[in-house]
Every structure is written in structure tokens, then in C-alpha cells.
Amino acid sequence: MPAPATATPGRTAGPPAAQSPPPSGIRFDQVSVAYGKHGEHTVLDSFDLTVEPGEVMALLGPSGSGKTTALRAVAGFVRPASGRVLIGGRDVTGLPPHRRGIGMVVQQYALFPHMKVAENVAFGLKAHRTPRAEIPGRVAEGLEMTGMAAYAGRHPRELSGGQQQRVAIARALAIRPGVLLLDEPLSALDAQLRSGMLAELARLHRELPEVSILYVTHDQVEALTLADRIAVLDRARLQDCGTPQQLYRRPRTEFTAAFVGTANLLPVTVRGDGVDFAGRTLPVPPGDGLAEGAAATLCLRPHRVGLGESPHGGGRDTTLRGTLTDVQWRGSTHRLYTAVGGHRVLADVPELRTPPAPGEEISLHFAPEDAVLIPAGRAEDGAPHV
Amino acid sequence: MSRTKTAGETGRAGTTVTAGPVPATAPARRTAHPRRTGAALWALPPVAALALVFLHPLALVVWQSFSPEDGGHSTAPYATVLAEASFREALTNTVLIAAGATAGALLLGPALSLVIAFVPLPGGRALSRFIDLFLAFPSFLITLALLFLYGSVGMANGLWTDLTGAAHGPLDFLHTPWGVLLAEVTYFTPFVMRPLLAAFSQVETGQVEAAASLGARPWRIVRTVILPEALPSLAAGGALVLVLCLNEFGIVLFTGAKDVVTLPVLVYTKAILDGDYTGACVVAVVNVVLSVALYALYRTLMSRTGGGARPRTGGASDRAGA
């Protein structure tokens with residue numbers, strides 16, 4: 001079970017002056033959303049999740065996993081069939097979107113094309129009936145924060161994609177929301193811009209540490225880079241939740257192991273002193289609740305697999321022998337594809353001066369503490385409560 | 001491994017290229033003039049057909065309007081017709097009814113379009129298709145339907161007399177200017193709705209949702225997000241309705257409003273009933289000038305307010321570097 005909200009978001013700078021802190025933090029309480037005439041198509045199933053005040057929570061999952069539906073349930077654009085959504089401890093399930101006090105940024109920016117940048121940013125302030133004299137200062141503050149002050153008089157069509165996204169963020173932050181919803185905000189940008197915007201978002205969150213951020217993405221790099229915690233969804237259900245390090249190093253399910261990073265997932269049988277794999281017993285630490293004889297999956301990250309015999313002797317020998325099937329040069333590393341006992345094992349090793357040729361018999365090894373045992377079929381179990 | 005260097009690589013290395021193929025622009029220039037001539041030849045048949053079937057009759061009407069019955073050519077027919085009280089009354093009726101019907105269509109059209117486009121109604125799509133079908137209906141059909149409903153012996157009055165036992169129903173307005181106005185608003189409102197529905201379908205859902213998440217209530221979203229984006233379509237629909245109303249004949253005829261004489265009715269009266277072809281042509285020319293002037297005004301206003309095609313945000317072309 002992953003640890004509950006233990007991550008503490010970075011707090012390096014104070015927020016802009018505000019009269020009172022806006023309600024922050026989100027809670028999904030057994031939220032289910034279904035479509036169809038009789039609600040036969042469930043797109044979010046008994047979803048339980050808590051986003052602490054000031055926390056960045058990434059919802060990560062493949063297309064159709066329910067992550068955007070969860071975000072839209074917070075925004076008020078989908079009505080749960082059952083369950084509750086709470087913002088700052090207040091039940092907002094029945095509230096219309098305009099009364100929820102959230103900021104939202106979507107993939108295609110959704111700027112108002114007939115308004116200039118400053119008017120776009122002022123939109124939410126006017127809708128919230130902010131005193132007229134206060135609006136120019138708040139607009140300037142938002143544009144300053146996102147580095148768009150010089151573009152206040154331009155129309156959205158005169159801006160690049162990255163600049164439009166900054167304006168969308170400034171517009172969402174201008175109303176000083178306690179909760180910021182980001183729905184794949186970087187997916188329309190090219191790789192270089194995306195990297196820059198990720199750093200910008202991290203900086204913004206350091207400047208606004210009281211804002212809870214729900215960040216929907218299918219990009220694991222964005223989730224690992226930005227999030228304090230990641231909730232992994234698949235087939236309308238929460239599969240796993242934890243800090244990026246927890247999910248990457250100690251995944252609870254095969255799905256998490258495969259979706260967050262690259263993993264060797266090898267079928268093994270649990271023994272008293274390790275696991276049986278490819279005709280030998282490997283000394284790996286026992287998994288949670290795995291009795292001797294149980295079927296399990298051994299998760300090994302490719303960069304934790306080394307080339308050659310295990311340097312550890314005796315009971316810590318983890319050597320795997322197999323036939324090299326392919327070698328890929330990846331700049332600073334070589335990826336070795338090896339068939340071990342009929343199973344493919346990937347190894348990412350530092351660039352080799354003379355890499356072995358496909359067809360050669362090679363040995364691989366790993367440190368026992370880098371191996372994670374996952375009960376077989378754990379992804380099919382009920383959703384974890386976090 | 002050896003390979004042949006291309007001309008581009010040689011150029012980058014600094015070698016001066018002194019010989020090479022003749023630039024392709026020279027022969028292209030030589031063929032430019034024959035191409036233009038060819039294009040002009042292709043355009044000639046449609047232009048000739050247009051001149052024959054449209055411009056020539058129009059020119060005959062204009063020519064006839066300057067031809068008094070006592071011979072020669074002068075502006076005397078214009079002086080005569082423009083001085084007539086019946087002409088001034090027809091002009092006033094035409095402008096007032098057209099302006100009123102356009103205003104009615106501009107009020108009703110957006111309201112109905114907003115409901116069809118944004119309110120999740122059962123059968124909303126079928127309703128939208130019906131608007132397309134409605135545009136194909138002849139104007140007299142709508143007038144006829146209104147006669148069945150609100151005519152002096154129509155359903156509404158029939159219901160009233162059945163319920164109260166009165167000899168006559170209270171509704172007796174279809175042959176007045178108000179009846180013409182009602183019929184024109186009913187018939188021409190879909191002409192505003194069609195372009196509006198197309199414009200509403202182009203409004204990004206994300207913009208509406210972003211506005212709602214920023215605290216905007218539905219009416220503010222309509223007023224500040226949806227309608228400004230649909231303004232060019234609204235203006236186009238309004239201009240179309242105004243021009244169509246200026247020239248509408250069938251509705252006025254079918255309502256049986258004898259006292260409601262508009263410019264097209266005056267043309268009919270002068271040409272067919274009075275046999276005054278020159279007078280009819282004068283009124284027709286005034287009608288055409290009025291329509292063209294209004295269209296020119298619409299184009300000028302649209303170009304000044306930037307209501308033309310507006311690039312949308314978030315498209316692939318916008319995904320440039322920051």
C-alpha cells in the first residue's frame with residue numbers, strides 16, 4: 001500500500017497578496033460516472049482520491065482510462081452517477097461550474113479569439129465581480145507571473161502556441177483559485193516547448209504553494225517531473241497512487257509497472273528463499289502477502305539490469321543466462337534484448353565499445369534489492385483507497 | 001565511401017558557379033501572356049451567358065426607365081414617379097416592414113438558435129435539419145399557414161367563437177401591415193438561424209467550459225463569448241433578410257393586405273394593372289438601388305469591424321515556437 005499524502009510540495013516563495021486563502025484540496029468520494037441510456041457505459045468507477053491543499057496530483061493513464069472524466073467531475077462538466085466531489089472540504093457535487101471557484105486550462109488553450117490577451121485574463125475577474133479598480137492590477141500580476149506582460153494588447157491569433165498556453169494559465173490563475181485543473185495542457189506543444197513549459201509550471205507552483213493542482217496527462221515524463229503524487233488509472237478505475245519514486249521503484253500492479261517507465265515483467269513462482277524463474281531460483285526479497293508456491297510477476301527496470309555475471313556469490317547470485325536477440329544503440333546507452341528461458345529481458349547498459357552481436361550467449365544480472373515482486377493479476381483487483 | 005557532390009554542396013563550399021542550366025523563370029515569363037489569354041478565353045462563355053440572361057434584361061429595364069411615353073430619353077419619368085404620393089407611401093412601407101421584419105428575425109433567430117445549438121433537447125438535431133428544409137419552402141406557403149391559423153376564419157378565431165359563442169373572433173390583423181410583418185418574421189427567421197447555427201457549431205466547447213470555470217453564468221457566456229464570435233454570421237443573416245424583405249412580393253400578395261403597398265407590389269400594379277411600364281421600371285430601379293446600397297453598407301460595416309473570416313486559436317498552424 002503506498003503511503004498516503006506524505007509528499008510536501010515545494011514552498012520557496014510567497015503567494016501574491018490575497019484577502020483570504022481560497023478553498024483548496026480535492027476529494028473524490030466513491031465517484032462513479034456512467035454514460036448511455038441506462039448508464040451502462042461506466043467511464044469512472046468508484047473513484048476515491050484525495051488531493052491535499054497545495055499538492056500537485058497527476059492523473060496518469062491511457063486514453064479512455066477515465067482521467068479526463070475525473071477532472072471534468074471536479075470542474076462540474078459531468079455529473080457523477082454516484083459519489084461526491086469535495087473542494088476545500090465543501091461538497092460541490094451539485095454545484096454548477098461557475099460556482100466552484102476553480103481555474104482550468106485545457107489542451108487547446110480555449111482563449112477567446114475576439115478578446116485581447118488582457119481582456120482574456122480579465123474575463124474571470126469580471127465574472128467574479130471583482131471591483132473595477134482592482135482588475136488592471138490583477139491582470140498585470142497574472143501576465144507578469146507567466147511572462148506575458150508584453151503581449152497584453154495582442155489578440156490570441158497573434159501569439160504562438162506556447163504563448164497562448166501561458167495566457168490560458170494566467171487567465172486561470174487571475175481569479176486566484178484554490179484548485180487548478182490542467183487537462184493535458186502541454187500536449188499541443190512540440191517537445192522542446194513542452195519541456196520549457198514543464199519548468200514554468202513547476203516554478204508557478206512554487207510561487208503559488210497553496211493551490212492544489214490536478215494534472216491530467218498520458219505522458220509519464222510530465223507526471224514524473226511535475227507531480228507530488230501520481231494516480232494511475234486504467235479502465236475507469238484507480239490502479240495505483242503514490243509518489244513518482246514509489247510508483248517507479250515499487251509499483252503495486254503490473255499495469256503501473258508497465259505504464260510508468262519501462263519494465264521487465266517476468267512470470268515467477270514464489271519459493272522460500274526467492275523465486276523460480278527459467279529453471280533456477282533467484283534470490284529476491286519476498287513480496288507483500290505472497291505465500292510459497294504463489295504465482296507472481298518479477299518487475300525489473302532495464303537500467304537496473306547489468307551485463308555479465310553477478311558480482312555477488314552464494315545466496316545473492318542473480319545471474320540470468322540467455323541469447324542476445326537484438327542490440328540498439330541509444331547514444332549514451334545500449335539496449336540489449338535477450339531471450340532468457342523463453343522470456344524477453346531488456347537491459348539498458350552504458351554505451352559499450354564492442355557490443356555483443358545478436359545470437360551470442362550472454363549473462364545478465366541485477367541487485368536483489370532492485371527487484372520487485374508483484375502478485376500476478378494484481379491489476380484486476382479492486383481499486384486501492386488512497 | 002565516395003559519393004558525388006551535388007550542386008548545392010559545391011555552392012556551400014564556396015565555389016562560384018558560373019555555368020549551369022538557364023533559370024526556369026525565363027520561359028515561364030514567355031508563356032505567361034498566352035496563359036492569361038487562355039484564361040480569359042475560358043472566362044468568356046460564362047461572362048457572355050451572364051450578360052445575356054441577367055445584365056441585358058437589367059439594362060433594358062434601366063433603359064426603359066429613362067424612356068418617357070411621349071418619346072426620347074430623359075429623367076422625366078423619375079421626376080414624375082418620385083413625386084407621386086403612392087411611391088413615397090410604398091417606399092415607406094417597404095423600408096418599415098423590411099426593417100421591422102429584420103429586427104424581428106434578429107431577435108428571434110439568435111434565441112432559437114441558442115436553444116437548438118446549446119440546450120440538449122431530444123430531437124434537437126432533427127429541428128436543426130428542419131431549419132434547412134424550411135428555407136426551401138415558398139413564402140406563400142407560410143402565409144397560407146398563417147391564414148389557416150390566424151385568418152378571420154382561421155383556427156384561433158374558430159376556437160374563440162366555439163368557446164364564447166361570439167359571431168367573430170378577435171384576430172383580424174393578417175391583412176394589415178402587422179400581418180405582413182408577422183408572416184415575414186416567421187418566414188425569414190430561419191435565414192438568420194442557418195448561418196448562426198453554423199457559427200455556433202464552430203464555437204469551441206473548451207471556450208464555453210473555460211468561461212464557466214472562470215465563474216461566468218450562462219447569460220454572460222452567451223453575451224461575451226458565443227455571440228461576439230457569431231457576430232459576422234448574425235450580420236450576414238440580417239443583411240440577407242433585409243434585402244429579401246425589401247424585394248418580398250408573395251407574402252404581401254397572399255396576406256391580401258390591399259392597403260399595404262410595397263415597392264415590389266407597386267411595380268406589379270404599374271406594369272400589369274396600369275400598363276405603365278416606364279413607371280414600373282423606375283420603381284424597379286429604385287428597388288434595385290436600395291438593395292445594392294444596403295448590401296454595400298453591410299460589406300463596408302463588416303470590413304471596418306473586422307467581421308470577416310477570423311483565424312481560430314489553437315489550430316495546428318498556431319503550434320509554433322514560443
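Let's start with V31 of chain A, whose bridge partner in strand β2 of chain A is F47(A). The model is a predicted one, and this pair is a good place to enter it. V31(A) and F47(A) belong to a larger pattern: β1(A) and β2(A) run antiparallel to each other, joined over seven bridges. Between these two strands of the hairpin lie five residues, and G36(A) there adopts a positive phi near 105 degrees.

Now turn to the other neighbour of β1(A). Strand β1, residues 26–35 of chain A, also pairs with strand β4, residues 82–87 of chain A, again in the antiparallel sense, over five bridges. Two of the partnerships can be found by eye: D29(A) has R84(A) of β4(A) as its bridge partner, and S32(A) is matched with S82(A) in β4(A). In general, the strands of a sheet pair through backbone hydrogen bonds, in either a parallel or an antiparallel way.

With these pairs in mind, the whole sheet is easier to follow. Four strands of chain A form an open sheet in the order β2-β1-β4-β5, with antiparallel pairing. The edges are β2 (41–51) and β5 (90–91) of chain A, each of which pairs on one side only.

Finally, step back to view the chain as a whole. Chain A holds eight helices and 20 strands, and its C-alpha trace spans about 75 × 50 × 40 Å along the principal axes. Of its 386 residues, 46% count as buried. Among contacts in chain A with a separation of 6 or more, 69% come from residues 24 or more positions apart.

Key:
Residues numbered from 1 in each chain as written. Chains lettered and ligands numbered in written order. Predicted model: local features only at pLDDT ≥ 70, side-chain atom pairs only at ≥ 80, totals over all residues. Pairing = 2+ DSSP bridges. Buried ≥ 20, exposed ≤ 12 C-beta atoms within 10 Å, placed from the backbone. Contact = placed C-beta atoms within 7 Å.
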